[in-house]
Amino acid sequence: MQQQPTQAPGAFAFALVLVLASLVLAHQAWSISGFSSLSSAGVFPMLATGTMVVTGLIVLLDAARRRRAENGASFFADVVAPRILLFAAMIIGYMLLLQPLGFILASFLFLFAGMAFLWRGNLLRTLIVSIVAVAAIYVLFRYVFVVVLPRGVIF
Amino acid sequence: MEGLGYFFMAWLDPSLLAMTAIGTLAGIYIGAIPGLSVTMAASILISFTFTWDVNDALALIAGVYLGGVYGGSRSAILLNIPGAPSAVATALDGYPLAQRGEAGQAIGLTTVMSVIGGFVGILALALAAPLISQFALLFAPRDYLLIAIIGILLVGTLASSSLAKGIFAAAFGVVIGLVGMDPMTAEGRFTFGQFQMMGGISYVAAMIGFFGVAEVLFQMRTIHLPSVKQKVGRLIPEWRLVKKYIPLSLRSSTIGVVIGALPGTGGDIASLIAYDQAKRTVKNPSRPFGEGAYEGLVAPESANNAAVGGAYVPMLTLGIPGDAVTAIIIGALYIHGLKPGPLLMVETPHLFWFTVGCLFLANIFLLIFGLTGVRIFSKLVEAPKGVILPLIVVLSVVGTYAVQNSLTDVYWMLAFGILGYFLKVYGFPVAPVILGVILGPLMDTSYRRAMISARDDLSRFFTEFFTSPLSLALTLFLIFIIVSQTPLFKRRSKAAEADG
């Protein structure tokens, strides 16, 4: 195993979260049918979650050992830098708006906001590109691929 | 003879012909745009085909897969950014060639070699799959269990710098695949008492989350890197060059087929191994490797397209994916009501010959599209990420929602996307997760059938791994993979390398 000399900040905390989540899943696996028989519904889930716990612990120990080698940047400047956080928030907002606004309006708003934020071209061009993109996607998928898309109150 | 009719089916039906052509063209462009991978394209595109006829879907998928594996080489050569993981090795010599003003020559040679590799892979598929599926009818459940474990271990060890991270990712995928009602006893597993979870988690949601949204967030980290333009000259390669490299291409293709056919390993690993092999065996390369050697293009590009045909072999004969893309295709086949496995060839041989025919056709389209239209192409490759990333998010939503018109699936997709981002940042490979999702249920039922046939007796269960010749061979291979990952073995091979 060729170890990377540095790791992204927060690796230890993330590994810890993974181990804890694996333990919760392992408990769930055990609660399916316990150790009642070797071919019961819960055996394979226990093997899988057990593997997660063991490998998770190895990753955790390794991350602890290399904690000093983290590449200097802070968690909030690198892993969840403001621009990544903002774009992720836009994605979450988009998915929450799908229900009330419907696909067309929500997608248009998201594309316009997303491109305005990432592309930084002039606003008129961004507006035109997002309108054309939504129209093209809608026509292609609704009428050519005959896919059902979320409908909102208006559309 | 009947098979021949199905082989030519896509060639004679205009709509199937068009599907294959569109798939190939889409695959090339998607593969070429950095940030759009074949796996992402396959996962989003396949979700739209669920309402289609299965033949249309198979034709499109064959095109996308072959085109996408090739397309990655374009941006590797022109921008030094591999458009797909299978083109990582291509950039090593492709970009230096472009810098010397030989971008056209490099693209042309790559195209021809990819097509040769593709044909070798398809030939291997056509010859080997019927034999293997006959043989596979003899497989016991424990053999399936062994093959699935081998696949997961291979992808876990090769896809990441850390074995533990690879295996963790695969085990996590298995757990996702097991969520819901147990098909044998109807007990709920990992449902947290929620009734809605009894139906399981849509694998499309997991797939698009990990390969679509997670990738978009990950690319945000490098969004402002500028790219460098290259001039492209004549594309048709000189015949003497093609002739000279045919032997190397065939050799690399063989490596590609074998690696592709191993469960879990695909074009990305095949191309790296073929590159390494060429580097060690070619005595007088056109230029030193890494400075623009033609050999450095021929080897990985033949191998990764040959791996496509190879990866179809375990998928169609055993129902075990050869790589992440075939894992997605397996899921699609299930949704179309087909059951990939040894019986697929017995019950629906036409489907097999049809698939081979589509791949063959897609390979011809690859040659045509690969040697034309480079101007529009370079414009598209330079499309700003600021436009592409939001579009991928919208397409991910459409793809996830299309499968069962469920917003819950979209929320799952989002959750997997965010989790996938962190996994990627901290060096966990995501391909084993998808392999785990697909293989999880198969491993679970194989394990339980094997255990039931051993009457829940642990010692009898393990003895059977050593009594059947096939199980013994698989067990030994599995032990070899595990041992080769231990520090002891590695130290010895490192010492041997230092000596040599």
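Two residues are in contact if their C-beta atoms, placed from the backbone, lie within 7 Å. The model is predicted, so local features need pLDDT of at least 70 and side-chain atom pairs count only at pLDDT 80 or more, while totals for chains, interfaces and linings use all residues. Residues are numbered from 1 along each chain as its sequence is written, and chains are lettered from A, and ligands numbered from 1, in the order in which they are written.

**Exercise 1. Describe the make-up and overall dimensions of chain A and of chain B.**

Solution. Begin with the elements, where helices (H or I, at least four residues) and strands (E, at least two) are DSSP runs numbered from the N terminus. Chain A has 5 helices and 0 strands, and its elements follow the order α-α-α-α-α from the N terminus on. Chain B has 23 helices and 2 strands.

Next, turn to the radius of gyration, which is taken over C-alpha atoms, the globule rule being 2.2 Å times the number of residues to the power 0.38. For 155 residues a compact globule would have a value near 15 Å, but chain A has 23 Å. For 500 residues the rule gives a value near 23 Å, and because chain B has 22 Å, chain B agrees with it.

Finally, along the principal axes, the C-alpha atoms of chain A fill a box of roughly 60 × 45 × 25 Å, and the C-alpha trace of chain B spans about 65 × 55 × 55 Å.

**Exercise 2. Locate the domains of chain A and describe how helix 1 of chain A packs on helix 2 of chain A.**

Solution. The bounds come from an automatic or database domain assignment, which gives domain 1 (11-69) and domain 2 (82-144) in chain A. The C-alpha centres of these two domains lie 38 Å apart.

For the helices, axes are lines fitted to C-alpha atoms over the stretch in contact, and angles run from 0 to 180 degrees between N-to-C directions. Helix 1 (residues 11-33) of chain A and helix 2 (residues 43-65) of chain A have axes 8 Å apart and pack at an angle of about 165°. That makes helix 1 of chain A roughly antiparallel to helix 2 of chain A, since angles under 35 degrees count as roughly parallel, over 145 as roughly antiparallel, 65 to 115 as roughly perpendicular and the rest as oblique.

The residues of this contact comprise 21 nonpolar, 4 polar and no charged ones, where Ala, Val, Leu, Ile, Met, Phe, Trp, Tyr, Cys and Pro count as nonpolar, Asp, Glu, Lys and Arg as charged, and the others, Gly among them, as polar.

**Exercise 3. Describe how helix 4 of chain B packs on helix 14 of chain B.**

Solution. Helix 4 (residues 38-48) of chain B and helix 14 (residues 324-335) of chain B pack at about 10°, their axes 9 Å apart. That makes helix 4 of chain B roughly parallel to helix 14 of chain B. The residues that meet include V38(B) and I46(B) from helix 4 of chain B, and I328(B) and A332(B) from helix 14 of chain B. By class, this contact has 7 nonpolar, 2 polar and no charged residues.

**Exercise 4. Work out which parts of chain B touch chain A.**

Solution. The contact takes 55 residues from chain B and 53 residues from chain A. Several helices of chain B each supply at least two residues of its side, among them helix 9 (163-178) and helix 20 (431-453). The largest share, 11 residues, comes from helix 18 of chain B. By class, the side of chain B that touches chain A has 40 nonpolar, 7 polar and 8 charged residues.
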